[in-house]
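Me: I should like to go through the assignments in this model one at a time. For each term, please set the value against the criterion and then conclude.

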Amino acid sequence: MSLRSRLRSFTSSLFHRAELDSNMEAEFRFHFDKYVEHLTQSGIAPEEARRRARLELGSLATQKENCRRSLGLRLWDELVADVRFGARMLRKSPAFAAIAILSLALGIGVNTTIFTLAKSVLLDRLEVSHPEDLRILTWVSGKKFPMESLWGNYSDEGGASHSSSFSYPVYKALRERTSLFQPLFAFKDISQMTATVDGHAESISGELVSGNFYEGMRIRPIFGRGISPTDDVEGKANVAVISDAFWARRFARSPSAIGKSIEINLLPVTIVGVNPPTFIGAQMSRLPEVFMPLAAQPTVLPRGKAGNLLKDPNNWWLQIMGRVDSREASDAARQSALDLPFVQAVKSGVTIKAGRDDLPHIRVLPGRRGSDYEKSEFIKPIYVLIVLSVFVLLIACANLANLLLARSAARQREMSVRVAMGASRMRVLRQVTTESLLLSLTGGVGGVILGYSSRNLLPHLISTPWEDGRLQTRFDLYVILFTLGLSVITGLLLSIPLALQGRREDVSSGLKEGGRGSAARSHNFTNKALVIFQLSVSLVLLFGAGLFLKTLSNLRAAPIGFQPDRVLVFEIDPPRSRYTPEAALTLHKRILDTIAAVPGVQSASLSSDPLVALDSSINQFQRNDRPKDAKAQAWFNAVGTNFFETLQIPILAGRSFNSSDILTSPKVAIINQKLAHKFFPGENPIGKTFNEEKYEIVGVCGDTKYEDLKSDAPATFFVPYTQSFESNVTYEIRTLAPSAEILKSLQQAVATVDKDLPLIHARTQNEQIDATLSNQRIFALLTSAFGVLALILACIGIYGIMAYTVTRRTNEIGIRMALGAPRTKVLRMILREASTLTIIGVIIGIAASLFLARLVSTMLYGLKPSDPTALSSAAVILVAIALLAGWIPARRASRVDPMDALRHE
Amino acid sequence: MGQIDVLQGTLDMLILKAVSLGPLHGYGVLLRIQQISGDQLEIQQGSLYPALYRLEHQGWLASDWGESDNNRRAKFYRLTAQGKRRLNAELERWNRMSDLMANILSTRPEEL
């Protein structure tokens with residue numbers, strides 16, 4: 001048997017159906033005529049001959065069908081017939097079809113949207129060739145953070161410090177000592193730098209890359225050239241490769257951009273190439289626009305004590321990736337080969353703060369997603385969103401299954417006729433499944449459209465408006481395939497209750513009018529189970545909505561220790577290439593003075609870290625009058641003279657900073673209450689000194705939230721910025737009235753000091769605080785929306801089943817009332833049935849809620865996952881609405897006229 | 001002597017054999033089988049065409065439209081190389097089977 005010939009005959013019969021038909025007919029006609037001719041020749045009368053031929057050959061239609069069947073077309077023919085029939089049935093009840101397809105499109109669309117997001121966080125890879133051959137290096141050390149200075153991501157999980165930041169000398173040593181990577185390359189994301197094109201300055205993000213980065217990533221610029229090892233030499237003229245988006249925005253894709261000189265942080269840089277649009281740098285969720293060699297760091301982005309990080313073994317900032325030949329060695333082998341040179345390089349240059357046990361060791365991790373520390377941030381919210389969206393789909397399915405069951409009750413006769421006429425159970429089941437699949441696939445198409453149009457909605461909700469896109473989603477073939485698969489599963493899921501019901505059906509009772517036998521009762525049972533399921537899922541969603549809403553309002557109501565209303569914040573980052581640290585101090589002083597004079601400004605200040613912006617700085621805290629404790633740490637912030645007045649933080653003891661606290665005067669600090677309690681229990685801290693700098697404590701202020709709203713105010717000390725050399729600072733401006741126009745005056749004021757300094761990330765302090773609540777807000781929003789949706793669907797479900805019950809029992813109710821049952825008793829009887837369903841649903845829902853809520857306990861604030869208020873209010877709402885839905889048919893039952901009811905059949 | 005029906009599962013082989021002697025149209029296949037069997041085999045006319053279509057679908061037969069003896073268009077079936085191999089394999093199987101059956105059925109008690 002050749003597969004090819006079969007395939008050919010199969011496809012030709014599918015696509016040339018008309019031709020096949022007419023050929024078959026011609027062939028049979030020929031056969032028929034021949035046979036008749038033969039019979040007449042043997043002396044049979046023509047009339048009789050034709051009759052006999054017809055009898056022996058059978059009808060043309062039967063012959064054709066048999067032949068098509070032997071071509072393997074039977075399944076196809078039946079499928080086509082089923083689809084046609086299903087489509088006709090749907091057309092006959094357009095309201096049902098619209099509700100069904102709409103609710104499925106909603107359920108599937110929600111899942112498509114969430115999947116698109118989940119895929120970008122969990123599955124998507126860098127768009128470079130063979131991303132699976134990429135590795136990223138990280139290190140892990142003991143519990144105490146061992147490095148003197150780290151610029152980059154760092155976490156302490158499970159009693160160990162993790163980071164993917166290395167020093168440049170270590171990178172150089174590793175590159176020289178290993179041949180296991182072809183090649184080992186390095187990069188650093190720079191979230192903020194100033195690009196000036198044709199005199200217009202804007203704040204952009206960029207990436208510093210080693211000379212072999214383009215070779216290692218295998219990126220070929222679409223225009224010009226990439227950065228090469230000869231560019232990555234200190235002292236050479238600075239070059240840059242720009243992103244496709246930057247090229248389009250600032251140069252309108254003009255080829256003349258190549259060779260053009262722009263300014264990065266006010267230093268001239270020559271553009272040599274344009275990246276392909278698919279390449280978004282070595283991180284999944286940032287969009288760097290200018291790529292420059294690492295050698296540009298000392299001039300363009302001076303940092304650290306000497307400004308040059310390339311020679312500084314104590315500053316850990318660089319991320320290292322490598323491309324490997326996966327057949328050559330295992331990651332374990334690479335790790336052990338790299339570890340010795342790594343530890344040696346560390347020991348030769350670094351002053352490790354803690355003991356020997358805390359020496360860092362290298363880890364080789366998969367690098368197909370590049371540097372990916374946002375994954376850990378989003379992974380839990382993503383799982384919660386997936387569960388929520390699956391719930392929505394399940395509810396939509398349950399509701400639709402209910403509708404389908406109701407319809408199938410109406411079509412019971414049709415099914416019975418089919419079975420009676422010899423259709424096998426399988427055949428009937430297949431037709432039912434085809435119809436559900438037809439529904440779910442149409443819903444799936446709607447889901448794809450919905451998912452496509454809302455693909456950027458969630459990333460938009462998650463990201464902060466004044467920063468570049470953090471999450472990039474790709475709506476690609478995988479998403480379509482996922483939706484297709486989901487639609488098929490949904491369709492099969494929908495046909496299960498119908499199949500179960502069909503199995504129990506008895507043909508003869510089905511054929512009888514009405515069919516009120518055992519089948520009707522079991523149908524009712526499946527129906528009730530579905531309603532109970534809906535009610536319990538609704539309760540879970542309502543409870544979740546309660547938890548997240550309460551978390552959100554708890555967070556909003558949490559005392560933050562300062563007054564955020566009417567406060568504008570923005571950053572100013574004077575380039576070190578123009579401003580030395582000392583010059584930056586003078587610059588900030590001048591800007592503060594200028595801003596304070598702007599009409600409408602009440603007071604102005606600045607700080608090295610903005611409050612409630614997921615930023616914080618930690619330093620050691622050593623009392624000078626006590627023995628040294630290496631582990632003692634406290635949060636700190638370098639702030640302007642007016643910081644406490646501007647943010648209205650109370651000074652509880654001592655004094656605030658004033659204009660006499662300058663670079664040359666004695667170093668002073670203000671501590672918050674928490675720090676006073678922690679390090680000076682029962683003592684007066686005023687006048688005490690701490691740390692090498694001998695900061696003298698001059699005041700105690702009230703506690704304020706620092707990094708986010710969730711954490712308690714940490715023990716914090718504040719120092720005047722005039723004594724600390726912080727160059728990149730955030731300004732806080734308190735205005736007299738809430739106003740957006742003042743921003744323009746502020747911009748002009750800053751421009752009078754230096755026209756090349758952009759106001760970066762301007763926003764109000766309240767917007768800033770709100771942005772840190774985006775996860776909680778999304779959950780509150782989605783669980784509330786889903787909860788209300790579920791509630792509506794469950795009400796329709798309970799109304800439907802009670803209305804059905806009432807119709808079915810009209811006769812019985814009539815008899816009861818004729819025998820003297822009062823209306824209230826009838827009402828109660830029907831309501832009792834509704835409340836039984838509701839209570840079972842609520843009980844199951846409570847159990848499920850308590851189980852699921854434990855999984856989100858870390859995402860809650862100010863309440864337990866078993867919060868009784870949220871749980872009881874969800875239950876009360878559900879019971880009230882469900883009873884209301886049941887009350888309408890119950891009331892109708894109680895108003896039945898006994899005479900009508902008795903006649904009712 | 002009455003006619004006997006075609007043995008279950010042997011219709012394919014009969015058709016392949018009939019066509020192997022020269023291209024035939026459907027009615028010709030019917031006639032030839034009856035003719036070779038000396039009118040002793042009766043083929044259900046209803047089952048002939050599904051069998052022909054199946055054999056063609058499996059690539060053992062090929063067909064062309066041509067002129068019949070009285071100048072009417074008819075579909076002629078011929079054996080493909082694949083069909084020839086199939087026929088030979090079927091024949092060998094059949095011969096082994098019929099030998100075996102003959103042996104078993106002619107066994108007498110004293111031979112055991």
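Reply: Two strands are taken to pair if DSSP finds at least two bridges between them. The model is a predicted one, and the strand pairings in it may be examined first.

Me: What makes β3(A) and β4(A) a pair, and in which sense do they run?

Reply: Strand β3 (residues 154–157) of chain A and β4(A) share four bridges in the antiparallel sense. The criterion asks for at least two bridges, so the pairing is accepted. Within this pair, A:S155 stands opposite A:H162, and A:D156 stands opposite A:S161. The two strands form a hairpin with two residues between them. In the turn, A:G158 has a positive phi of about 55°.

Me: How do you know that β1(A) is joined to β4(A)?

Reply: Three bridges join β1(A) to strand β4 (residues 160–163) of chain A, and these strands run antiparallel. The requirement of at least two bridges is met, so they count as a pair. A:H162 in β4(A) is the bridge partner of A:V140.

Me: Which strands of chain B stand at the edges of the open sheet, and why?

Reply: The open sheet has three strands in the order β2-β5-β4 (chain B), with antiparallel pairing. β2 (24–25) and β4 (61–67) of chain B are at the edges because each has a single partner strand, which leaves one side of each without a neighbour in the sheet. Between β4(B) and strand β5 (residues 73–79) of chain B there are seven antiparallel bridges. In β5(B), B:R78 is the bridge partner of B:A62.

Me: Why is the contact between A:E78 and A:R430 called a salt bridge?

Reply: The N to O distance between the two side chains is 2.1 Å. The cut-off is within 4 Å, so the contact qualifies as a salt bridge. The pair links distant parts of the chain, with A:E78 in helix α5 of chain A and A:R430 in helix α14 (residues 425–453) of chain A, 352 residues apart. A:E78 has a relative accessible area of 14%, and since buried means under 20%, A:E78 is buried. A:R430, at 31%, is partly exposed.

Me: How do you know that A:D331 and A:R135 form a salt bridge, and what parts does the pair tie together?

Reply: The closest N and O atoms of A:D331 and A:R135 are 2.8 Å apart, and the limit is 4 Å, so the term applies. A:D331 belongs to helix α11 (residues 331–349) of chain A and A:R135 to strand β1 (residues 134–141) of chain A, so the pair ties together parts 196 residues apart in sequence. The relative accessibility of A:D331 is 23%, hence partly exposed, whereas A:R135 is buried at 10%.

Me: What makes B:E90 and B:R86 about one helical turn apart?

Reply: They are four residues apart in helix α4 (residues 81–105) of chain B, which means a separation of about one helical turn. Their side chains meet in a salt bridge, at 3.1 Å from N to O. B:E90 is buried, with a relative accessible area of 13%, and B:R86 is partly exposed at 33%.

Me: Which residues are linked in a network of salt bridges, and how many salt bridges are there over all chains?

Reply: The network links A:K528, A:R809, A:E812, A:R816 and A:E833. The count over all chains comes to 44 salt bridges.

Me: Why is A:R88 called partly exposed, and which patch includes A:R88?

Reply: A:R88 has a relative accessibility of 46%, and partly exposed covers values between 20% and 50%, so the term fits. A:R88 lies in helix α5 (residues 74–92) of chain A. A:R84, A:R88, A:R91 and A:K92 gather in a surface patch of positive charge.

Me: Why is A:S536 called buried?

Reply: The relative accessible area of A:S536 is 7%, and buried means under 20%, so A:S536 is buried. A:S536 is part of helix α18 (residues 518–557) of chain A. A:S536 and A:A875 are 339 residues apart in sequence, and their C-alpha atoms are 9.8 Å apart in space.

Methods
Residues are numbered from 1 along each chain as its sequence is written. Chains are lettered from A and ligands numbered from 1 in the order in which they are written. This is a predicted model: local features need pLDDT of at least 70, side-chain atom pairs count only at pLDDT 80 or more; totals for chains, interfaces and linings use all residues. Side-chain values use heavy atoms; hydrogens and water are left out. Patches are made of residues with over 30% relative accessible area and no salt bridge: like charges are joined within 9 Å, nonpolar side chains (Val, Leu, Ile, Met, Phe, Trp, Tyr) within 5 Å. Accessible areas come from the Shrake-Rupley method with a 1.4 Å probe; for residues, only the protein chains shown count as cover. Lys and Arg count as positive and Asp and Glu as negative; His and the chain ends are not counted. The place of a charge is taken as NZ of Lys, CZ of Arg, CG of Asp or CD of Glu. Buried means under 20% relative accessible area, exposed over 50%, partly exposed in between (1.4 Å probe, protein chains only).
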